[in-house]
Every structure is written in structure tokens, then in C-alpha cells.
Amino acid sequence: METFGFLIHPMDIDDVARKYRIAKKINPKVVASIVKRRRPLVWSEITGIKSITGKEAVGWFIAVPFLPHQFFDLEEEYVIEKIVKACEIGRKEGARIIGLGAFTAIPGGGGRMVSELSSVPITTGNTYTVVTAIEGTIEAASRMQINLATSTLAIVGATGSIGSACAHSLADKVGEIILIGRDEDRLTKLSNSISTKNKQVTVSTSVASVRAADIIITVTGAADSVIEPTDIKSGAVVCDVARPRDVSEQVAKRRNDVLVIDGGIVKIPGNVRCDRDYGLPRGLALGCMAETMMLALEGRYENYTIGKDISLEKVDEMKHLADKHGFKLAGLRSFEKKLSDEHIAAILRNAKTKPSAMANS
Ligand SMILES: NC(=O)c1ccc[n+]([C@@H]2O[C@H](COP(=O)([O-])OP(=O)(O)OC[C@H]3O[C@@H](n4cnc5c(N)ncnc54)[C@H](OP(=O)(O)O)[C@@H]3O)[C@@H](O)[C@H]2O)c1
């Protein structure tokens with residue numbers, strides 16, 4: 001039996017309240033200050049993962065008690081120390097590789113410091129996340145009848161680990177690219193590396209620039225949403241890879257003419273069981289969880305995706321491992337719900353009948 005661990009953390013106070021109900025009744029600042037002092041703990045076991053090759057794996061979700069903003073607001077040393085402790089807890093349970101989920105993958109140079117301090121190998125899972133984000137985006141664009149080759153793609157969080165790999169991978173497939181981030185120098189550097197592919201590439205430090213895009217991949221490390229209902233062109237596709245999500249819940253309520261998909265949701269092979277809620281329906285995983293599972297199934301107990309640069313060779317390797325073990329995209333999902341064909345057809349109709357209007361606003 002192969003083994004792995006995967007680090008998770010609460011996305012908001014509601015997540016904390018699922019374990020400690022009282023959290024809903026007290027001041028959020030008090031909750032945050034209690035959360036940050038808690039020790040990491042084993043959240044649940046996940047069993048029944050069975051590759052189509054016949055190999056099996058078991059894993060443990062380890063909770064790292066920090067709310068999203070605390071990963072940036074607290075001293076880096078304190079944050080890294082708790083992440084490393086969580087890895088150690090995973091190792092003691094039996095994990096031979098640990099995936100760093102959500103914001104646990106961001107501090108200390110994208111897992112680099114954690115990998116240096118941890119006694120068990122680490123992966124951020126970002127490589128397979130890139131694969132699934134791209135596959136989902138291409139499928140969603142096709143369902144919305146967007147011609148990829150002439151489309152304008154915006155990437156929000158373009159200078160990040162996942163964002164820059166998506167930009168490089170999709171540069172040859174789209175008409176124009178808008179790279180959006182916070183640091184103009186880093187955006188320009190990224191743009192120069194993509195412009196050599198003879199593409200029209202523009203950079204922007206304003207998220208509002210997504211209004212020009214037919215397709216948006218959003219993957220920032222922001223603790224709160226960054227894309228609001230008025231930001232999206234009618235008929236556009238938005239792939240929200242970020243956790244916590246980048247697209248405001250208001251978009252789901254007020255825009256029936258845009259297709260927002262959850263990026264990186266994968267069907268795990270086997271008959272998966274988990275006794276606690278890890279934020280997804282049974283049998284589904286985020287791309288980063290799936291990468292950790294695949295490395296375990298391969299017996300590849302080594303540091304894998306570490307640091308901010310994702311190699312395109314590893315992207316190809318992950319595609320190959322997903323095929324080999326039977327991991328695939330779990331259809332299109334939006335705000336945690338499965339999208340039916342009828343729902344997508346209705347979005348397309350709404351976009352065609354109200355091409356420039358903002359539906360329901
Ligand atoms: N769905 C999945 O399976 C999956 C898997 C792994 C990760 N994730 C999520 O993906 C996201 C990005 O991960 P990553 O490893 O690529 O992170 P990263 O390397 O730190 O990149 C984050 C990017 O977001 C930008 N950013 C940060 N805060 C921002 C804000 N407040 N407003 C606008 N832009 C902001 C950063 O800009 P600067 O360069 O200016 O800092 C950077 O370009 C996270 O939400 C993570 O949880 C999802």
C-alpha cells in the first residue's frame with residue numbers, strides 16, 4: 001500500500017465553525033487569534049484510492065490551523081514552523097510524501113523552505129493543477145463556442161507559479177494574452193518571455209483589464225475575491241483555480257451569461273472513502289491533491305513540484321501519470337456544483353440574447 005499526506009486549512013470562519021460551532025457566535029478576530037495558536041492535527045483518513053494499474057494508496061488530510069490571510073500577515077518563520085510540524089504529523093501517520101494544499105504551498109518560496117526542513121518529501125501539486133486548469137478551460141471555451149485561436153485570454157495572478165505556467169502553455173493556442181498581476185517589472189519579464197512566441201501580449205496591474213477577455217484564468221494568492229460581476233464580458237469563460245476562490249459569489253447570483261468553472265477538479269480512481277468533509281464531494285480531488293496521490297501510486301517519494309517555476313517537462317509527465325493511473329477531469333463544475341448540459345446551454349443562450357448587457361444586474 002502506498003501512502004501520502006495532504007495539508008489543508010480553513011478557507012474562512014464557516015470552515016472553522018464546521019469543527020467548532022461556537023466560532024460562528026464569537027468575534028471573527030477572536031476566532032482568528034485562537035485558530036493561529038492551535039496545533040496541526042490529523043483531519044481524516046482517505047482510503048480506497050485504486051489506480052487502473054491495480055496499485056492502491058491511502059492518505060491523511062492534516063489540518064494546518066491558519067486562516068488564509070494569516071499565511072501572509074504572520075511571521076513567515078512561525079507559519080513555516082507550523083507547516084513543517086504538520087508534515088511531521090503526516091510522516092508519523094505513515095505518509096511517505098506530503099502535498100501542500102492551498103496557501104500552505106505559497107510561503108517560503110512555494111514550498112522550498114518547507115522541503116528543506118521537512119523529513120518527508122514534499123510537492124505543492126501545482127504541476128498537475130496547471131494540466132487540469134488548462135484542460136477545463138479549453139473544454140469550457142469549446143462549450144461556449146469560443147474560438148480559442150482568435151480569443152483573448154486574461155490570466156490573473158500571471159506572475160505566480162500556476163499563472164505563469166498557464167501563460168506559457170497557452171501562449172501558442174490563443175490570439176492575444178493579457179497578463180495581470182501586481183508587480184509591473186515581473187509582468188514585463190514574463191511578457192518578454194512569451195512575446196518571443198510572436199504573440200500580442202499586454203500587461204496590466206488592474207484586475208479590471210479582464211473585461212476585454214473571452215477567457216479568464218484566475219489564480220491569485222488573494223485571501224478575498226478579486227473578480228466581481230461587473231468585471232466579466234458577456235459570454236466569457238472564467239476558470240477559477242484559486243483556493244480560496246477569486247471569483248465573488250455575487251457572480252453566480254448576478255451573471256447568468258458567463259460560464260465560471262472551478263479549476264482543477266479531478267475524479268480519483270477507485271472507490272474512495274473519507275469520513276470527513278474536505279471541501280469536495282466523495283471521490284473528487286483538487287489537482288494538487290491528485291498530483292500527491294499519483295506520486296504515491298508511482299512510489300515516487302521525492303520532492304517534486306517545489307518553488308515557483310513549473311517545468312513543462314513535468315507538466316507532460318503529470319499528463320502521462322494521470323492517463324496511466326486513471327485520473328481525469330471531473331466534468332465541469334461551478335461554485336462546487338456539477339454543471340449540466342442544460343445549464344451550459346442556457347448560459348450560452350443568455351449570452352447570445354444579451355451580448356452586452358449584464359444579466360440580472
Ligand atoms: N485548484 C487547485 O487544485 C489548486 C492547486 C494549487 C494551488 N491552488 C491555488 O492557486 C492559487 C495560486 O497559487 P500559486 O502557488 O500559483 O501562488 P503564487 O505563486 O504565490 O502566485 C500568486 C499570484 O497571485 C498574485 N496575487 C497575490 N495576492 C494578490 C492580490 N491580493 N490581488 C491580486 N493578485 C494577487 C501574486 O502576485 P505577486 O507576484 O504580486 O505576489 C501572484 O501573481 C492559490 O489560491 C492556491 O491556493 C489551487
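Reader: What makes the 2.6 Å between an oxygen atom of the ligand and the side chain of Arg-186 a polar contact?

Author: This is a predicted model, and in it a ligand oxygen atom is 2.6 Å from an N or O atom in the side chain of Arg-186. A polar contact is a pair of N or O atoms within 3.5 Å, so this pair counts. Thr-159 does likewise: an N or O atom in its side chain is 2.7 Å from an oxygen atom of the ligand. As for the backbone, a polar atom of Val-241 is 3.1 Å from a ligand nitrogen atom. The protein buries 88% of the 940 Å² that the ligand exposes when taken alone.

Reader: Which residues are closest to the ligand, and how many surround it?

Author: There are 24 around the ligand, with Thr-159, Ser-161, Arg-182, Arg-186 and Arg-243 the closest. By class, that's 10 nonpolar, 10 polar and four charged. Helices α7 (126-143), α8 (161-170) and α11 (287-298) each supply at least two residues of the shell.

Reader: Why is the ligand said to lie between domain 1 and domain 2?

Author: Because both domain 1 (2-125 + 268-328) and domain 2 (128-264 + 332-353) give residues to the shell around it.

Reader: How do you know that β6 and β7 pair?

Author: Pairing takes at least two bridges, and five join β6 (residues 152-156) to β7 (residues 176-180), so they pair; the two strands run parallel. For instance, Ala-154 has Ile-178 in β7 as its bridge partner.

Reader: And what makes β8 and β11 edge strands?

Author: The open sheet runs β8-β7-β6-β9-β10-β11, with parallel pairing. β8 (200-204) and β11 (259-262) each pair on one side only.

Terms used
Residues are numbered from 1 along each chain as its sequence is written. This is a predicted model: local features need pLDDT of at least 70, side-chain atom pairs count only at pLDDT 80 or more; totals for chains, interfaces and linings use all residues. Side-chain values use heavy atoms; hydrogens and water are left out. A residue is near a molecule or strand if one of its heavy atoms lies within 4 Å of it. A polar contact is a pair of N or O atoms within 3.5 Å; within protein, one must be able to donate a hydrogen and the other to accept it, and residues adjacent in sequence count only if both atoms are side-chain atoms. Accessible areas come from the Shrake-Rupley method with a 1.4 Å probe; for residues, only the protein chains shown count as cover. Helices (H or I, at least four residues) and strands (E, at least two) are DSSP runs, numbered from the N terminus. Ala, Val, Leu, Ile, Met, Phe, Trp, Tyr, Cys and Pro count as nonpolar, Asp, Glu, Lys and Arg as charged, and the others, Gly among them, as polar. Domain bounds come from an automatic or database domain assignment.
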